[in-house]
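Reader: Please take me through this model. I want each label set against its cut-off.

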Amino acid sequence: MNYNNIIGRKEEIRKLEKLLHSSKSEFIAIYGRRRVGKSFLVEEVYKNNIVFRAIGSYINNNDVRSYKQLQLNHFYESLLDSGLKSTNPRPNNWREAFRLLKKYLEGINNERRVIFLDELPWLAGTQSSELITELGYFWNSWADRQRNIVLVVCGSATSWMLDNVIRDYGGLHGRLTATMRLLPFTLKECELYFKHHGFHLSRYEIAVAYMAIGGVPYYLDRIDNEKNLSENLDDFFFKDEKINQEFKDVYTGLYSTSERYIDIVKALGRKYYGMTRRELAKAIGMECGGTFSKLLDNLHESGITREYPRYGKQRVETVYQLKDFFSMFYLHFIHGKGTNAGNWRALQRTPDFYTWAGNTFEMLCIEHLPQIKDSLRIATISRNYCWHGTAPNGSTPQIDLVLEWKGERTDYICEMKFSEHEFTIDKKYEKELENKIVAFLNSKQHTRTHSIQLVMITTNGISHNEHSKDVNQEIVLDDLFK
């Protein structure tokens, strides 16, 4: 089936269609960053088969009883909208609510009946055990045995989805038949989106847009094709009074208590290359215990941060780095600056712009490792890591990305440089590259039987001159769009 409104998501569509046409009941859990398009995907693929849809509402209410009743009321009203007769009494608890759902579904003769519970964490609230218990009972005692039920639960609160649904050891343990983590678009998918909506952006400007807002469909929807990119970014970040709230909402949408997560994100935003666990805990005033570990795990699972190994010192360090492009842009240009934030037109081509662009382009490349691997014709990457060591001259060079391919005994040292035009290697930078290669050759991480390839990853290629002779391979922005 064709889904003209969906950009990309081919593998996700294939999986959802397969589950829809299976010969048994299916229980699917979908999670991912807020604004990434989870609800839209389900509604587009299953729209002709959804017989009941309920959505949880975020309510900042500490009264557990009133919060629960509000969600129950919404659930009941969704049942009425779907066709349940109003003579059925309003439920007072989740057991009664799922009984009403069962009663409603028993009156439907559809070949496949899709139930979509959207924003399940908000539907459940802080006292979530009752809903999870009754959902598990509903599935185990009735829905699973019907053979024609497709139950989809969805949520942006990744930690909640993992703890209460995907890794649950209660009534839902072992009951899920499929899980799906929805990620932001790639550069290629963003290009398809822009073309589909009548944009004629260069790949350079698509990359700049990606470095500002990421591949988040909701943000892409806010870009106006009657304006150029500078005007759009001004409207999005610098003129919208709600931008500070949007930053907070990203984390409110992910977690019921967002303050500690925002503390971590702000701390990482001040250190582009990231921080070790101990450094990060000290920066936000927390102990390195289980609670802190859970915060880090949740941010990682949500796609907000990444963890990578850094070699070169006496022991391997795990470094935590912010990788959410929207948050990175906001913290660099907007946070705490108020009316002094300026505007995007004035910021472009300034030293501040090139600092941001240089750092963020490195993250753009790292987020497109499959495309880099294909461009280098690498079958499998044995490992990828950052290296920070000491050169013979006493300098301490850093290699931001090393790709190791044991199959062909080759280590690829990747240098990533952002430039509006061709990047020029001068005599000073040539010496830096030579120091990096020599230092890495003499390090413990380099296997003596491995060759080294110096790879330059740039936006528009490099100028070939007397200082570029050490470069073995080039990757340009176009290669990241594959």
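**Labels and their cut-offs**

Author: Leaving aside residues up to four places away in sequence, Arg 310 touches Thr 276, Arg 315, Val 316, Glu 317, Val 319, Cys 386 and His 388. Contact here means heavy atoms within 4.5 Å. The model is predicted: local features need pLDDT of at least 70, side-chain atom pairs count only at pLDDT 80 or more, and totals for chains, interfaces and linings use all residues. Residues are numbered from 1 along each chain as its sequence is written, and side-chain values use heavy atoms, with hydrogens and water left out.

Reader: Where does Arg 310 lie?

Author: In strand β7, residues 305–311. Strands (E, at least two residues) and helices (H or I, at least four) are DSSP runs, numbered from the N terminus. The protein has 20 helices and 15 strands.

Reader: What makes the protein as compact as a globular protein of its length?

Author: Its radius of gyration is 25 Å, and the globule rule gives 23 Å for 482 residues. The two are close, so the protein counts as compact in that sense. The radius is taken over C-alpha atoms, and the rule is 2.2 Å times the number of residues to the power 0.38. Along the principal axes, the C-alpha atoms fill a box of roughly 85 × 50 × 50 Å.

Reader: Why does Arg 310 count as buried?

Author: Its relative accessibility is 11%. Buried means under 20% relative accessible area, exposed over 50%, partly exposed in between (1.4 Å probe, protein chains only). Arg 310 falls under the cut-off, so the label is buried. Of the 482 residues, 54% count as buried.

Reader: What makes Arg 310 and Glu 317 a salt bridge?

Author: Their closest N and O atoms are 2.8 Å apart. A salt bridge is a side-chain nitrogen of Lys or Arg within 4 Å of a carboxyl oxygen of Asp or Glu. The pair therefore qualifies. Glu 317 is buried, as is Arg 310. Side chains of opposite charge can pair when their charged atoms come close.

Reader: How many salt bridges does the structure hold?

Author: It holds 29. One network of them links Lys 188, Glu 191, Arg 203 and Asp 478.

Reader: Which parts does the salt bridge of Glu 246 and Arg 35 tie together?

Author: The side chains meet at 2.8 Å, N to O. Glu 246 lies in helix α12 (residues 243–254), and Arg 35 in the loop between β1 (26–32) and α2 (38–46), so the pair ties together parts that are 211 residues apart in sequence. Glu 246 has 6% relative accessibility and counts as buried.

Reader: Is Lys 227, in its salt bridge with Asp 235, buried or partly exposed?

Author: Partly exposed, at 36% relative accessibility. Asp 235 has 26% and is partly exposed as well. Both values lie between the two cut-offs, so neither residue is called buried. Their closest N and O atoms are 2.5 Å apart.

Reader: How do you know that Leu 433 is buried?

Author: Its relative accessible area is 3%. That is under the buried cut-off, so the label holds. Leu 433 is found in helix α20, residues 427–441.

Reader: What does Leu 433 touch?

Author: Not counting residues up to four places away in sequence, it touches Glu 415, Ile 425 and Leu 454. From Leu 433 to Glu 415 the spacing is 18 residues in sequence and 8.9 Å in space, C-alpha to C-alpha.
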